[in-house]
Amino acid sequence: MSTLGNAPLRFQPLFRRYLWGGRCLATVLGKSIGTGDDYAESWEIVDHGPDQSVVLNGPAAGQTLQALVAEHAVELLGQHADQSQFPLLFKFLDCNRDLSVQVHPTDEQATQLDPPDLGKSEAWVVLGAEPGSKIFAGLKPNVTCESLRAAIEAGTCDHCLHAIQPQVGDCFFIEPGTVHTLGAGLLIAEIQQASDITFRLFDWNRVDVNGKSRQLHIEQSLATIDFSRGPVAPQKPLPTGRAGRERLIDGGKFILDRCRGRLPKPLGDDDRFHLLAILDGTVEIAGETFTAGETCLLPASAGRLEATPDGMATFLDIYLPGTAKHAVKAGMLAPSSAIDTSPLQSAALTPLHIESLDSR
Ligand SMILES: [Zn+2]
């Protein structure tokens, strides 16, 4: 058995309270939050500076995710062991009020910042949507830098945004440079690059109890927005060739699959970590039981595992695109039999990975 053990790693969530939060992290997702009515985010799995997930179970209990990456990179990350931090951040968001309108930079833009950071691709899966609630994703066609600047100055930025009334289960992929925000009445599962660079271009003309508005970053926003991007539509789920598993996103920074049904689902066994988020029902993995609203991380070294639903269940399976050209091409998950038998093949992954990182 490896140092990390073969069981899924559970982490202590970190809660964030913002003016747009509410109570749904407790009432819907079962989180043990305090008594306030502004619980906005539950950071489930994060390694970003001082924001650190701490392991709750197994031989690594008490360690931060940063320490696991530093001391057990091969076990945890497998073929992605050369990452210097855990590359993804998973959150639940309770959008009880509108969030600010924002944009995130690309990796290339983010490296120019002081301090440098990663860019941010992010994706949302809608877990709850009150009637009439809206997602704003992308600019309307023909919005230019000049017309957006004029709208911001006039306090009518929202007129430039593409708005959708989402359904539960919809998935949106927000690439860097895309203007976006979440409207009131949504409960969201969010996966993103482990970055915290946000440029806010509009805050709905809101002021706090002291009459102060939140800081905007209009020039940085306008310089970061990709004006060639139009409206963003919900992702079309694609078949994976594996029963009960569909692909919501096959992006350059992460792959997002949704698994549904009553039958056991094979997991992992591909020399990379898997981040799981249970959205509905109950599943058992390696003797640990997870219910809706819980998340876990399967270390690469855990090998082949199985998620066994208790009745009907839905969960997200999030992982990095593969690095070995012979095993995984363009994010398509290889049949596990292609990589589960030969240690020589695993040893060959490392140099290919370095090549593919350099060319990004
Ligand atoms: Zn964002």
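This is a conversation about how the strands, sheets and core of a predicted model are assigned.

Visitor: What kind of model is this, and how are its residues numbered?
Guide: Residues are numbered from 1 along each chain as its sequence is written. The model is predicted, so local features need pLDDT of at least 70 and side-chain atom pairs count only at pLDDT 80 or more, while totals for chains, interfaces and linings use all residues.

Visitor: What makes a stretch a helix or a strand, and how many are there in the chain?
Guide: Both are DSSP runs numbered from the N terminus, helices being H or I over at least four residues and strands being E over at least two. By that rule the chain has 8 helices and 23 strands.

Visitor: How do you know that strand 16 and strand 23 pair?
Guide: Two strands pair if DSSP finds at least two bridges between them. Strand 16 (residues 255–261) and strand 23 (residues 313–319) are joined by 7 bridges and run antiparallel, so the criterion of at least two is met. Within this pair, Cys-259 has Phe-315 as its bridge partner in strand 23. Both strands belong to an open sheet of 6 strands in the order 14-15-16-23-18-21, with antiparallel pairing, and its edge strands, strand 14 (238–239) and strand 21 (295–298), each pair on one side only.

Visitor: Why are strand 17 and strand 20 called edges?
Guide: They belong to an open sheet of 4 strands, ordered 17-22-19-20 with antiparallel pairing. Strand 17 (265–268) and strand 20 (288–291) each have a single partner strand, so one side of each is left without a neighbour in the sheet. Neighbouring strands here are turned by 30 degrees against each other on average, direction ignored, where axes are lines fitted to C-alpha atoms, for helices over the stretch in contact, and angles run from 0 to 180 degrees between N-to-C directions.

Visitor: Which bridges does strand 19 make with strand 22 and strand 20?
Guide: Strand 19 (residues 282–285) pairs in the antiparallel sense with strand 22 (residues 304–309) over 3 bridges, Ile-285 having Ala-307 as its bridge partner. With strand 20 the pairing is also antiparallel, over 4 bridges, and Thr-282 is partnered by Thr-291. The hairpin of strand 19 and strand 20 has 2 residues between the strands, and Ala-286 takes a positive phi near 50 degrees.

Visitor: Why is Asp-269 called partly exposed?
Guide: A residue is buried if 20 or more other C-beta atoms (placed from the backbone) lie within 10 Å of its own, exposed if 12 or fewer, and partly exposed in between. Asp-269 has 17 such neighbours, so it counts as partly exposed. Asp-269 lies in the loop between strand 17 and strand 18 (274–280).

Visitor: What makes a nonpolar core, and which residues touch the most other members of the largest one?
Guide: A nonpolar core is a set of buried Ala, Val, Leu, Ile, Met, Phe, Trp, Tyr and Cys residues joined through C-beta atoms within 7 Å. The largest has 91 residues, of which Ile-188 and Phe-315 touch the most other members. This core draws at least three residues from each of domain 1 (14–224) and domain 2 (238–358), with bounds from an automatic or database domain assignment. Leaving aside residues up to four places away in sequence, Phe-315 touches residues including Cys-259, Leu-276 and Ala-307, contact being C-beta atoms, placed from the backbone, within 7 Å.

Terms used
Two residues are in contact if their C-beta atoms, placed from the backbone, lie within 7 Å.
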